[in-house]
Amino acid sequence: MSQDILKKTNQQMENALTHLRQELSGLRTGRASLALLDRITVNYFGTPTPLKQVANLAMPDGRLMTIQPWDPTLVNEIEKAILASELGLTPSNDGKMIRLPVPPLSEERRKELVKMSKKIGEDTKIQIRSIRREANDELKHLQKESTITEDELRRGEAEVQKVTDQEVKKVDELLKKKEEEILEI
């Protein structure tokens with residue numbers, strides 16, 4: 001019974017880490033990455049559609065991304081969506097293709113991005129601790145109903161704490177890596 005709770009807790013914490021990775025991949029660093037465009041949606045015949053579903057995305061070099069919509073009438077919509085996003089990038093188009101140069105980040109912007117990544121990381125840690133609390137509450141409930149013994153409760157809580165510590169450590173490692181990536185010139 002407590003193994004089910006541990007398995008569920010582990011899965012929920014892994015999901016939180018997956019979400020963190022996605023959030024961090026969307027934060028801009030000094031180099032171009034197509035992951036920056038993942039959150040951008042375009043108004044396609046009245047429906048918000050992910051950019052990668054309406055255009056061909058490419059990176060001819062480390063500082064430039066190109067977006068070639070399959071429907072040339074979408075060029076202006078894509079341009080509007082990029083300008084409305086928080087990427088801080090200025091697109092240029094030739095009527096058929098959009099070029100998105102990625103300039104080097106200013107020192108001030110780098111510090112802002114590091115601060116944002118730390119906030120995202122802290123939110124993930126809070127989520128992980130909340131998952132731990134829920135698992136411990138479930139274990140205590142099982143013990144109250146005499147489904148598990150007090151020793152099993154203590155072992156279960158220790159296991160949940162061990163998993164929590166591992167996941168928090170992974171969050172810290174991801175944040176450290178992202179910070180180095182952002183501050184890299």
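Residues 24 or more positions apart account for 62% of the contacts with a separation of 6 or more in the protein chain. The model is predicted. The protein chain holds four helices and six strands, and their order along the sequence is α-β-β-β-β-α-β-β-α-α. Its radius of gyration is 22 Å, well over the 16 Å that the globule rule gives for 185 residues, so the chain is more spread out than a compact globule.

**Overall dimensions and surface**

- The C-alpha trace of the protein chain spans about 70 × 40 × 20 Å along its principal axes.
- Buried residues make up 38% of the 185 in the protein chain.
- The accessible surface of the protein chain is about 11000 Å², and carbon and sulfur atoms contribute 50% of that area.

**Strand E4 and its partners**

- Strand E3 covers residues 55–61 and strand E4 covers residues 64–69; the two pair in the antiparallel sense over five bridges.
- The connection from E3 to E4 is a hairpin of two residues.
- Within this pairing, leucine 57 has isoleucine 67 of E4 as its bridge partner, and aspartate 61 stands opposite leucine 64 in E4.
- E4 also runs antiparallel to strand E6 (residues 98–101), to which four bridges join it.
- On that side, threonine 66 stands opposite arginine 99 in E6.
- Five of the six residues of E4 are buried, so the strand is mostly covered.

**Nonpolar cores**

- In soluble globular proteins, nonpolar side chains tend to be buried together.
- The largest nonpolar core in this model has 26 residues, and the members that touch the most others are Leu20, Leu24, Ile128, Leu139 and Val171.
- Helix H1 (2–25), H3 and H4 each supply at least two residues of this core.
- A second core, separate from the largest one, has 20 residues; among them are Leu36, Ala55, Ile78 and Ala81.
- Valine 171 is one of the five residues named for the largest core. Leaving aside neighbours within four places in sequence, valine 171 is in contact with Leu17, Leu20, Gly121, Thr124, Lys125 and Ile128.
- Two of these contact residues, Leu20 and Ile128, are also named with valine 171 among the core members that touch the most others.

**Positive phi outside glycine**

- Phenylalanine 45 is not a glycine, yet its phi is positive, at about 50°.
- This phenylalanine lies in the loop between strand E1 (41–44) and strand E2 (47–50).
- Phenylalanine 45 has 69% relative accessibility; exposed means over 50%, so this residue counts as exposed.
- Serine 146 is another residue other than glycine with a positive phi, here near 65°.
- Serine 146 is placed in the loop between helix H3 (107–144) and helix H4 (150–183).
- The relative accessibility of serine 146 is 63%, and because the cut-off for exposed is over 50%, serine 146 also counts as exposed.

Technical notes: Residues are numbered from 1 along each chain as its sequence is written. This is a predicted model: local features need pLDDT of at least 70, side-chain atom pairs count only at pLDDT 80 or more; totals for chains, interfaces and linings use all residues. Side-chain values use heavy atoms; hydrogens and water are left out. Two strands pair if DSSP finds at least two bridges between them. Buried means under 20% relative accessible area, exposed over 50%, partly exposed in between (1.4 Å probe, protein chains only). A nonpolar core is a set of buried Ala, Val, Leu, Ile, Met, Phe, Trp, Tyr and Cys residues joined through side-chain atoms within 4.5 Å. Contact means heavy atoms within 4.5 Å. The radius of gyration is taken over C-alpha atoms; the globule rule is 2.2 Å times the number of residues to the power 0.38. Accessible areas come from the Shrake-Rupley method with a 1.4 Å probe; for residues, only the protein chains shown count as cover.
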